[in-house]
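Please take me through this model in a viewer, one selection at a time. Tell me what to pick and what is there.

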Amino acid sequence: MNEALVTETLTLLCASALGIALVSRFGLPAMLGYLLAGVVVGPFSLGVVAASDGAHFLAELGLILLMFMVGLEFSWTEMWAARRAVFVAGSLQVAISTTCAALVAHALGLSWPTAVLVGGATAMCSTGIALKQLQDQGELARPHGRVAAGILLFQDVATLPFLVVIDSGSATGSIEFLPALRQLVVAALNLGGLLWLGRPVLRFVLGWISKRKSVDLFLLSALLLALGTAYVAKRVGAAPTVGAFLAGVAVGESDLRHRVAAQLRPFRDMLLGLFFVTVGMQVDPRTMASAPLQAALWLALFVLAKPVMALLAMRIARYGMVDSVRAAVVLAHASELTLLILTQAMNAALLPAHPAQAMLVAAALSMGFAPAIIQHNRALAVRILRLRAPLQGRTFPRQ
């Protein structure tokens, strides 16, 4: 038995359990517990655990399963039914947020290509946190819930080009958008063609496996599909996460989507938790203590400025003021995809560690605040509208 590996595993498990127990007392997402565990036991704090290749490999598997599950929730039918929210409001929100955040990042000294990557990371919001909270409150089917869900759906898809840019620049340590665009097109055609041609076969095979009524066989087949497609994507020149997403899309249109999601969710949650731990291990508390204003700036950008940009996008898309304000409040946070883009860019030497750490901390804090902000979206919207102008005797709609 490898005692060092066992000790490292037990340390991470204990730290994660204690971190989740702590944040759960305050009603905060478990993700913050994992991040806190990584910060405490990581090389910049207690130094109990070093960032090993094994841990990073398992974290990569978590990211692949995350993007596969994102693909499972993707539906062309649903996108077209909510086309104004997805394609108009969603694209405007990503474009405006990316542009404004890129201007801030460039003003802080980052090159324009890196600043655009940072802007893209800033534009993303957590689909899991937002939709779960809206569903718990019974607001997912209401107008502000539907437009927020449409924007979140577009954000999930908009993540893919940024991941391709990072993957193409990882070999040279620099970002060149034209080669990245060429790689995206070639990989999309190759992998998309394979999945389109193989989709009937894929559904037939999964259907046949489902009829065997073997839970183990179905689970192994779903894992093989997610990880195998990621491997094929890497071989044809695309990011593994992009391949996993497209595989999820292929399965997502079938009747087996919910069963596949249910089988893979425990593995995704466990491995994604390890990803959050590795993110926390990259945060240096001493660096943050020496430059707290930069983290505060990014936190303000996530929680205060981004909702304003989202509101502008929805008003351009001709949504009502009340629904736009409430949806903008729902989107006042960062995302797991934000952490994914930032850490991938940092590991590829495309983003300097000092600004990346400030953004990681700010993104994590905004996600911690998100459930409470979404829960009180109506009250916050009332206050915002009253600050904007008198309500002229009208009462706020009870939605």
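**Stop 1: the core**

Select Phe68, Val260, Leu264, Phe275, Trp298 and Met314. Of the 127 residues in the largest nonpolar core, these touch the most other members. Helix H8 gives the most to this core, with 13 residues. Keep in mind that this is a predicted model.

**Stop 2: Met314**

Stay on Met314, one of the residues just selected. Which residues does Met314 touch, not counting those up to four places away in sequence? Show Ala89, Val147, Ile151, Tyr319, Ser324, Ala327 and Ala328. Three of these names return at the next stop, and others at the one after.

**Stop 3: H5 against H8**

Now select helix H5, residues 83–107, and helix H8, residues 143–169. Their axes are 8 Å apart, and the helices pack at an angle of about 60 degrees. H5 and H8 are therefore oblique to each other. The crossing of H5 past H8 is right-handed.

Next, colour the contact residues. On the H5 side, pick Ala85, Val86, Ala89, Gly90, Ser91, Gln93, Val94 and Thr98. On the H8 side, pick Arg146, Val147, Gly150, Ile151, Leu153, Phe154, Gln155, Ala158 and Phe162. By class, this contact of H5 with H8 has ten nonpolar, six polar and one charged residues. Ala89 of H5 and Val147 and Ile151 of H8 belong to this contact, and Met314 touches Ala89, Val147 and Ile151.

**Stop 4: H14 against H15**

Move to helix H14, residues 292–316, and helix H15, residues 321–330. What is the angle between H14 and H15? It is about 145 degrees, with the axes 8 Å apart. H14 passes H15 in a right-handed crossing.

From H14, highlight Pro307, Ala310, Leu311, Met314 and Arg315. From H15, highlight Met321, Ser324, Val325, Ala327 and Ala328. Sorted by class, the contact of H14 with H15 has eight nonpolar, one polar and one charged residues. Met314 is on the H14 side of this contact. Met314 also touches Ala89, Val147 and Ile151.

**Stop 5: Ile64**

Last, jump to Ile64 in helix H3, residues 53–72. Is Ile64 buried or exposed? With 9% relative accessibility, Ile64 counts as buried. Draw a distance from its C-alpha atom to that of Thr241: the gap is 5.1 Å, although the two residues are 177 residues apart along the chain.

Then show the contacts of Ile64. Leaving aside neighbours within four places in sequence, these are Ala226, Leu227, Ala230, Pro240 and Ala244.

Conventions:
Residues numbered from 1 in each chain as written. Predicted model: local features only at pLDDT ≥ 70, side-chain atom pairs only at ≥ 80, totals over all residues. Heavy atoms only, no water. Axes fitted to C-alpha atoms, helices over the stretch in contact; angles between N-to-C directions. Helix = DSSP H or I, 4+ residues; strand = E, 2+ residues; numbered from the N terminus. Parallel < 35°, antiparallel > 145°, perpendicular 65-115°, else oblique. Left-handed = near helix turned anticlockwise from the far one by under 90°. Contact = heavy atoms within 4.5 Å. Nonpolar A, V, L, I, M, F, W, Y, C, P; charged D, E, K, R; others polar. Core = buried A, V, L, I, M, F, W, Y, C linked by side-chain atoms within 4.5 Å. Buried < 20%, exposed > 50% of the residue type's maximum accessible area, 1.4 Å probe, protein only.
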